[in-house]
Every structure is written in C-alpha cells, then in structure tokens.
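Reader: I would like to learn how to read a fold from its atoms. Please take me through it feature by feature.

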Amino acid sequence: MKTYKLHLIRHGLTQGNREGTFVGGGLDIPLCRQGEEDLRALAARFPYPNVPLVFSSPMKRALQTAELLYPEVKEKVIIEQLRENRFGEFEGKTMTELRDNRDFAAWLDPKSGYVPKGGESGENFAKRTAGALMAMMQHLARQGIPQAACITHGGVIMSMLAQKGLPRKPSHQWMSDNGCGFTVQADAGMLMRDEMVEVVAVLPEGYLGGHGEEIARRYIHPGEDT
C-alpha cells in the first residue's frame, strides 16, 4: 500500500525565542535576522525534503520560513488550524515576569484547566492540531501526493505527535529546534483505521544537533549508533 509522508518543520528563530518570551498565536512577529541566517545555513548544510506542496501556519514567522526553505514551491496552502496556541494575557511576557503570578502557575498545571484571559483552552488546541494533522495526511492520500512539508510552530508539532504519533511519547519529548522537525508517514489504511502516523526521521536530514540527536536515538532509531 502506498505511503504518504509529511515533513513537520518548526519556524525559524524569532526575537521572542531569543529572549525567552511567551510568543503564541496572539503575537504575529517575524523572524529575527539571526533566524533568517540560521535557516539559510541549515539549508546550505543539510538537505530538506524536495516536495511539490507546502502547508503553512498563517503567522509571519511560519510564512517567512516557508519562503526561505521552499522558494521554488509555488503551491503553498495556508491553514488557520496550524496557528500556535494563544497564550492570552501571558503573551509577550517572560518566565521571570510571571514567576509570582498565581494564574500563570495554574496555567502550567494541566490538571487545573485554567485558561488565560484571551487565551485558548488546552482541549481546543489539542483538538484543532490533531485535526489539522489528519486533514493534511488525508489530503495527500486523496490527491495521490507522496509527500509535502508543513511549516508550523513548536507547540503545534508537540501537540500533534503526542496525540497521533508513533511511538507514543508525551508532548515535551517531541520538542524540536527552530528550522527543524520530524518526518511522519502513514498509508491510507493506517489513516482510515487508526488515525495515527509513524515518526520516521528527524529534519533536516543529517541534523542531530540540539534535541534531534536524543530523539533519534531513543525513539526513531533505538539501538542504532546515531
């Protein structure tokens, strides 16, 4: 049975990433200069998959990343559901600024169910990210497109893989570096029967810096010398 691949790639570095600021779906900030330079350096050193189609979050940092990594791909499909989680009242603030905030402490506790003012509930975020992953994979299967890239956000990738990725791991263990991510695959039967995908590689190919090496060693190629 034919297998379809989706390459999930986190957007490049932003100034908020550099400063440790909570930047979610409510702050539409661009890549910083270092972020653009880092993406060009990654692309020059490591190959990104050659794809005919790119899905993207509507946010500037994702759209810029899509253009930098895939300038030759004309078909770029913007999907609203790929937007990062909205952090509401915590957007634009640092951990230091929030460390004594009781509401922030409640938000960090998944059992509390706390939703920051102007923010998005964890339940809604999980539902839309899982739905977006399945919709993209099903689109590939229906159209007979063997592979595509998806430029989105770190939290989105973590949520998708924690819910729909094999092997099963908690979300924090699917963290990826800026400009990096994972390749997932499934055949039509797997999508219809299980609504799951298999995580098969770290992106870009050959990159094992940051979180990539640990994830590849433990979950994707266990027992291999990575």
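Author: We will go through the sheet, the cores, the ring pairs and the salt bridges.

Reader: What kind of model is this, and which cut-offs apply?

Author: This is a predicted model: local features need pLDDT of at least 70, side-chain atom pairs count only at pLDDT 80 or more, and totals for chains, interfaces and linings use all residues. Residues are numbered from 1 along each chain as its sequence is written, and side-chain values use heavy atoms, with hydrogens and water left out.

Reader: Let us start with the sheet. In what order do the seven strands lie?

Author: Strands of a sheet pair through backbone hydrogen bonds, either parallel or antiparallel. Two strands count as paired if DSSP finds at least two bridges between them. Helices (H or I, at least four residues) and strands (E, at least two) are DSSP runs, numbered from the N terminus. Here the order is S3-S2-S4-S1-S6-S7-S5. The sheet is open and its pairing is mixed.

Reader: Which strands are at the edges?

Author: S3 and strand S5 (165–166). Each pairs on one side only.

Reader: Where can I see the parallel and antiparallel senses?

Author: Strand S2 (residues 54–56) and S3 pair in the parallel sense, over three bridges. There, serine 56 has isoleucine 78 of S3 as its bridge partner. S1 and S6 run antiparallel, joined by seven bridges. Leucine 6 has valine 184 in S6 as its bridge partner. S6 also pairs with S7, again antiparallel, over five bridges. Glutamine 185 stands opposite glutamate 198 in S7.

Reader: Is S6 mostly covered or uncovered?

Author: Use relative accessible area: buried is under 20%, exposed is over 50%, and partly exposed is in between (1.4 Å probe, protein chains only). S6 is mostly covered, with six of its seven residues buried.

Reader: Which strands does helix H7 touch as it packs on the sheet?

Author: H7 touches S1, S4, S5, S6 and S7. Its direction makes about 145° with that of S1. Axes are lines fitted to C-alpha atoms, for helices over the stretch in contact, and angles run from 0 to 180 degrees between N-to-C directions.

Reader: Now the interior. How many residues does the largest nonpolar core have?

Author: A nonpolar core is a set of buried Ala, Val, Leu, Ile, Met, Phe, Trp, Tyr and Cys residues joined through side-chain atoms within 4.5 Å. The largest has 32 residues. Leu6, Leu8, Phe55, Leu82 and Met137 have the most contacts inside it. Elements giving two or more residues include strand S1 (3–10), helix H6 (122–143) and helix H7 (154–164). H6 gives the most, with seven residues. Another core lies apart from it, of 18 residues, among them Leu31, Tyr70, Val73 and Cys180.

Reader: What is leucine 6 in contact with?

Author: Contact means heavy atoms within 4.5 Å. Leave aside neighbours within four places in sequence, and the partners of leucine 6 include Phe55, Leu133, Met137, Phe182 and Val184.

Reader: How many aromatic pairs are there?

Author: Rings of Phe, Tyr and Trp (its six-membered ring) pair if their centres lie within 6.5 Å; planes under 30 degrees apart are stacked, over 60 edge-to-face, and the rest tilted. The count is nine. Phenylalanine 22 and phenylalanine 104 have ring centres 5.5 Å apart and planes at 70°, so the pair is edge-to-face. Phenylalanine 22 is buried at 18% relative accessibility, and phenylalanine 104 is buried at 3%. Phenylalanine 90 and tryptophan 107 have centres 5.1 Å apart and planes at 40°, so that pair is tilted. Ring pairs link Phe22, Phe87, Phe90, Phe104 and Trp107 into a cluster.

Reader: And how many salt bridges are found?

Author: Side chains of opposite charge can pair when their charged atoms come close. The test is a side-chain nitrogen of Lys or Arg within 4 Å of a carboxyl oxygen of Asp or Glu. The whole structure has five. Glutamate 120 and arginine 128 form one, with the closest N and O atoms 2.7 Å apart. Both residues, glutamate 120 and arginine 128, are buried.

Reader: Which parts does the bridge of lysine 164 and glutamate 195 tie together?

Author: The closest N and O atoms of this salt bridge are 3.6 Å apart. Lysine 164 lies in helix H7 and glutamate 195 in the loop between H8 and S7, so the pair ties together parts that are 31 residues apart in sequence. Lysine 164 counts as buried at 17%, whereas glutamate 195 is partly exposed at 36%.
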